[in-house]
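Trainee: Before we discuss this chain, could you show me the sequence and the model, and then take me through the fold and its interior step by step?

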Amino acid sequence: MTYVSVLSELKKQTPRPLYLVTGNQPYLANQLRQAFRALVPESEQTMNFATYDMETTPVAQALDDAMSAPFFGERRLVFIDRATFLTTEKGGKVDHDIDGLLQYIEHPEPTSVVVIFVTGKLDSRKKLVKTLKKQAEVVALEALGERQIQTLLADRLAVDGYTIDDPAFEQLQQRTGGDLTLMMNELPKLELACYDTKIITSSVVGELVTKTLDQNVFDLVNAVMAKKINEALTLYRGLILTKEEPLRINAVLVSQFRLLIQCQILARNGYSQGTIASTLKVHPYRVKLALQSLRHLQQVNLKRAYLGLIEIEKDLKSTSQDPMTLFELFMLKYASQAA
């Protein structure tokens, strides 16, 4: 079941008794939560709505609530959060009644709506997971494409009477790394700044939206590959001055170069942008930027840069050398070798 289809179903007040929501998309998950909560009138939510955290609460408590009849209302709503016992992650300290949950899944209470939220990878080998997939409505929250994000953003702004032009959307996407949650979180201050015109422009986005570490590192990667030593050193020094940990900066650099190499290999084998994103399990926007950069990059240079950054990582972990000096030496060596 898609995110859009379940929203449509909930708006019609025709929910199913059991849902399994998977994926780590905070904004979409929050929108779903609001839509589910709208099923229960606000005046009834104190008695007919509850949330249970499986990291601290046994699932048996949530089941007791779900099996209870609604209190002077049409339905009862129960959220089961952080159900890591359904994933490949190691279980927590709470002892859960798995047999009881299995029984409930097979025979859910018709007057209750139970929603299980999972962000980790489901362990499909478990009987519980197999049964849940069969009996529940599974809602997979996946990373959205650029057009879908732009539509959601425009719809959200339209509610408040605002619009955003294409250059502003592109810049907002760049500065947040295409993260929908981050983009939505930036809207209130952008709306406030554009209160008079009701049009969000790229100049306002440039002034108010801070680049993420990933975006700063992406700029740094481009400077490295272009052998722009002074620009690369300035960007690296800027990250250090903002109190970013050298090891973290280097780790993101390594990750970005690894992504470039992987995208180059997959693209040469005929993979599309969307297929690359799903294969590598990374955000589609990161793949889009990587493919754009690869038009001007040679594989041999990518490998040299990647291996050079691995050496920096080793030195950062094993010596007390100055990170700035290590990066400067790396840049000088790379620029002299790169074709």
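Mentor: Helices, of at least four residues, and strands, of at least two, are taken as DSSP runs and numbered from the N terminus. Please keep in mind that this is a predicted model.

Trainee: How many helices and strands does the secondary structure of the chain come to?

Mentor: Counting the runs just defined, which are numbered from the N terminus, gives a tally for the chain as a whole. The secondary structure comes to seven strands and 17 helices.

Trainee: What share of the residues in the chain is buried?

Mentor: A residue is called buried when its relative accessible area is under 20%. Applied to the 339 residues of the chain, that cut-off gives a buried share of 45%.

Trainee: Which helix gives the most to the largest nonpolar core?

Mentor: In soluble globular proteins, nonpolar side chains tend to be buried together. Here the largest nonpolar core has 41 residues, and Leu-32, Phe-36, Val-115 and Leu-172 touch the most other members. The greatest contribution to this core, six residues, comes from residues 26-37, that is, from helix α2.

Trainee: Which residues is Leu-32 in contact with, leaving aside its neighbours within four places in sequence?

Mentor: Contact here requires heavy atoms within 4.5 Å. With the neighbours within four places in sequence set aside, the contacts of Leu-32 are Tyr-3, Val-6, Leu-7, Val-21, Val-139 and Leu-141.

Trainee: How many residues does the second, separate core have?

Mentor: Among the members of this second core, which is separate, are Val-221, Ala-232, Leu-259 and Ala-305. Its membership comes to 40 residues.

Terms used. Residues are numbered from 1 along each chain as its sequence is written. This is a predicted model: local features need pLDDT of at least 70, side-chain atom pairs count only at pLDDT 80 or more; totals for chains, interfaces and linings use all residues. Side-chain values use heavy atoms; hydrogens and water are left out. Buried means under 20% relative accessible area, exposed over 50%, partly exposed in between (1.4 Å probe, protein chains only). A nonpolar core is a set of buried Ala, Val, Leu, Ile, Met, Phe, Trp, Tyr and Cys residues joined through side-chain atoms within 4.5 Å.
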